[in-house]
Amino acid sequence: MKKTVKAGVLAIVLFGLLAVSGYHICREWKVLEGFSWQTGLRYDHGALSAEQIDTFQKQGQSVELTAWKREENQTISGVRAHWPGQSQTAAVLTIYGPMELVIPGPVKYGGYTFQKDEEGCVISAGLARELFGTDWAVGNVVRKGSRELVVRGVLDLEEPVLACFQTDREESMPWVEIRARDQTPAAWPEQIAAGLGLFGEAYRFQGRFWRSVARLLISLPFWAVIFALGHRFLGGCRQRGTPGRLLFGRILMLLGTALGIYCSISLPPDFLPSRWSDFGFWGRKLQELAEWMRIRRNFPKIYWEGEVLRCVGSIGGRVLMVLAGLALGERLFKNVCRCENP
């Protein structure tokens with residue numbers, strides 16, 4: 001009896017842990033969904049200018065575009081009325097388009113500077129503390145070279161960063177973020193890049209691919225339960241010596257597995273072979289992924305990419321906790337059964 005009560009208490013605790021993990025998985029999935037229709041393109045040299053973006057947007061395309069560049073170790077000074085301001089080196093992001101496509105929230109204070117705001121900027125909380133001694137810096141003035149900028153928002157980010165509007169409409173910026181405003185065909189990144197005249201990109205980061213990875217991770221606990229139940233069912237069929245039931249159980253498990261794969265995996269078209277007989281596809285794809293990872297090291301940190309990978313990593317960790325909890329629950333169930341049926 002004591003063993004049964006102990007197992008019941010542990011089961012309640014286990015259920016609570018699984019519920020908390022499920023809540024966090026759902027929350028991270030919701031964040032990841034916001035990036036599912038965004039793609040980042042990275043070039044070694046200038047690829048897109050503000051003039052090109054405006055021309056493309058006038059065609060009525062249902063996408064959002066942001067072109068940007070990054071300058072390292074720029075001196076930023078806080079402008080004070082009665083005494084010299086502090087100075088700090090920071091990364092400066094010059095952006096044309098919605099800033100949230102480059103640096104996704106949350107914004108700690110204020111908001112993103114609006115489009116074509118030549119006198120505004122946003123800074124990170126880390127830079128605000130260095131320049132003004134506090135996170136609250138909205139309305140203060142900073143100087144970058146000969147240009148003075150009013151702080152419109154403070155980002156919840158520790159790295160010293162300043163982001164401002166691109167005023168030179170002719171300068172081409174090397175990095176491009178593309179996000180669909182609604183669901184568009186699967187090949188939309190390629191179509192839009194071709195429409196903009198962007199070819200031969202060195203690196204591409206697709207939110208849709210990582211959403212598919214997270215979706216596959218989330219499905220693992222459900223298929224673990226299905227396999228456990230199927231294993232028990234087949235074990236019972238073998239004990240009864242009924243070939244018909246055994247065959248039916250195997251067919252049921254195969255159908256369940258096929259349905260699970262179909263519902264769980266949703267990869268971009270370029271991650272699937274064009275014909276089933278292309279047996280070398282996956283080998284070439286693995287080599288291509290390895291090359292992408294090598295090239296990735298040549299580019300600076302991409303903030304929305306970091307957020308996507310953080311979400312996927314968090315989901316993966318929570319899924320491992322759920323799987324461990326299911327394994328522990330199975331062991332507890334066996335112990336209870338052994339206790340009640342010696």
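Mentor: Let's start with a rule: two strands pair if DSSP finds at least two bridges between them. Keep in mind that we are looking at a predicted model.

Trainee: Thanks! How do you know that β1 pairs with β12?

Mentor: Strand β1 (residues 38-42) is joined to β12 (residues 203-206) by 4 bridges, and the two run antiparallel. The rule asks for at least two bridges, so 4 bridges make β1 and β12 a pair. Within this pairing, G40 stands opposite F205.

Trainee: What makes β1 and β11 a pair?

Mentor: The argument runs along similar lines. Strand β11 (residues 175-180) is joined to β1 by 5 bridges, again antiparallel. With at least two bridges needed, β1 and β11 therefore count as paired. Here L41 stands opposite V176.

Trainee: Why is β1 called mostly covered?

Mentor: Buried means under 20% relative accessible area, and 5 of the 5 residues in β1 are buried. Side chains in a regular strand alternate between the two faces of the sheet. On one side of β1 sit Q38, G40 and R42, on the other T39 and L41, and both faces are covered.

Trainee: Back to F205: why is F205 called buried?

Mentor: Its relative accessible area is 3%. That is under 20%, so F205 is buried.

Trainee: How many aromatic pairs are there, and why is the one between F205 and W304 called edge-to-face?

Mentor: The structure holds 8 aromatic pairs. In the one formed by F205 and W304, the ring centres are 5.2 Å apart, with 75° between the planes. Centres within 6.5 Å make a pair and planes over 60 degrees apart make it edge-to-face, so both conditions are met. Because F205 lies in β12 and W304 in helix α8 (residues 303-340), this pair ties together parts that are 99 residues apart in sequence. The partner W304 is buried too, at 0% relative accessibility.

Trainee: What makes F209 and W210 an edge-to-face pair?

Mentor: Their ring centres are 5.3 Å apart and their planes stand at 80°, so they pass the 6.5 Å and 60 degree cut-offs. F209 is buried at 15%, whereas W210 at 24% is partly exposed. Along with F35, F205 and W304, these two form one aromatic cluster.

Trainee: One last question: why is V9 called partly exposed?

Mentor: V9, in helix α1 (residues 2-33), has 47% relative accessibility. Partly exposed lies between 20% and 50%, so V9 fits. Together with V13 and L17, V9 forms a nonpolar surface patch of about 260 Å² accessible area.

Technical notes:
Residues are numbered from 1 along each chain as its sequence is written. This is a predicted model: local features need pLDDT of at least 70, side-chain atom pairs count only at pLDDT 80 or more; totals for chains, interfaces and linings use all residues. Side-chain values use heavy atoms; hydrogens and water are left out. Patches are made of residues with over 30% relative accessible area and no salt bridge: like charges are joined within 9 Å, nonpolar side chains (Val, Leu, Ile, Met, Phe, Trp, Tyr) within 5 Å. Accessible areas come from the Shrake-Rupley method with a 1.4 Å probe; for residues, only the protein chains shown count as cover. A salt bridge is a side-chain nitrogen of Lys or Arg within 4 Å of a carboxyl oxygen of Asp or Glu. Buried means under 20% relative accessible area, exposed over 50%, partly exposed in between (1.4 Å probe, protein chains only). Rings of Phe, Tyr and Trp (its six-membered ring) pair if their centres lie within 6.5 Å; planes under 30 degrees apart count as stacked, over 60 as edge-to-face and the rest as tilted.
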